[in-house]
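Trainee: Hi! I'm new to this one, could you walk me through it?
Mentor: Happy to, let's open it up together.

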Amino acid sequence: MNNKIIIINGPNLNLLGEREQSQYGSVSFDKLKENCLKKSKELNLVIEFAQSNVEGELVNIIQDSRNKFDGIIINAAAFTHTSIAIRDALDVFKKPIIELHISNIYKREEFRQKSLISDIVTGGIFGLGTDGYILAIISMQKLLKK
Ligand code: DQA
């Protein structure tokens, strides 16, 4: 059954609810995780929710996902704009990948307007707040049904 997904979160997302609320809203990381687990259950998906502030750890998580998960939802946070290593690891994962950003990165500073992963993922969601995670889970379920 194609129903296992991992939601991978990059640096500083553990501080959601505390950091820059004007960009990222007031929902805490733990609450976001709880909301994602609830939605996944409703949709009969098994999810893992991961976060790291360390680039190499994220690369390891992505590599390990090849044999464990059917899809990846990733908010690579600041590494979106800098990490060729994360891009290369994602490129080896030959199953659906959804890129996610809470804020609209195209409306922000110029250095955020470039994503190094957009052209290798299946699709993306940005600028819809933490609701984007729920939308990504719904989209991933549809992708996995195909
Ligand atoms: C982010 C946008 C990034 O530019 C930023 O570094 C983040 C979060 C978002 O979810 O909007 O940490 O990925």
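**Helices and ligand**

Mentor: Let's start with two helices in this predicted model. The axes of helix 3 (residues 55–65) and helix 4 (residues 84–92) come within 9 Å, and they cross at roughly 5 degrees.

Trainee: So what does that make helix 3 relative to helix 4, roughly parallel or roughly antiparallel?
Mentor: Roughly parallel, because of that crossing angle; angles under 35 degrees count that way.

Trainee: Nice. Which residues meet there?
Mentor: From helix 3 you have Glu55, Leu58, Val59 and Ile62, and they meet Ala85, Ile86, Ala89 and Leu90 of helix 4.

Trainee: And how do the residues of that contact divide into nonpolar, polar and charged?
Mentor: The contact of helix 3 with helix 4 has seven nonpolar residues, one charged and no polar ones.

Trainee: OK, switching to the ligand. Which residues surround it?
Mentor: Arg19, Tyr24, Asn75, Ala77, Ala78, His81, His101, Ile102, Ser103, Ile105 and Arg112. That shell divides into five nonpolar, four polar and two charged residues.

Trainee: What lies 2.8 Å from an oxygen atom of the ligand?
Mentor: An N or O atom in the side chain of Asn75. There is also a polar side-chain atom of Arg112, 3.0 Å from an oxygen atom of the ligand.

Trainee: And Ile102, which part of that residue is involved, backbone or side chain?
Mentor: The backbone: one of its polar atoms is 2.7 Å from a ligand oxygen atom.

Trainee: How much of the ligand's accessible area does the protein cover?
Mentor: On its own the ligand has 320 Å² of accessible area, and the protein covers 98% of that.

Conventions. Residues numbered from 1 in each chain as written. Predicted model: local features only at pLDDT ≥ 70, side-chain atom pairs only at ≥ 80, totals over all residues. Heavy atoms only, no water. Near = heavy atom within 4 Å. Polar contact = N/O pair within 3.5 Å; in protein donor to acceptor, adjacent residues only side chain to side chain. Areas by Shrake-Rupley, 256 points an atom, 1.4 Å probe, with all protein chains shown as cover. Nonpolar A, V, L, I, M, F, W, Y, C, P; charged D, E, K, R; others polar. Axes fitted to C-alpha atoms, helices over the stretch in contact; angles between N-to-C directions. Helix = DSSP H or I, 4+ residues; strand = E, 2+ residues; numbered from the N terminus. Parallel < 35°, antiparallel > 145°, perpendicular 65-115°, else oblique. Contact = heavy atoms within 4.5 Å.
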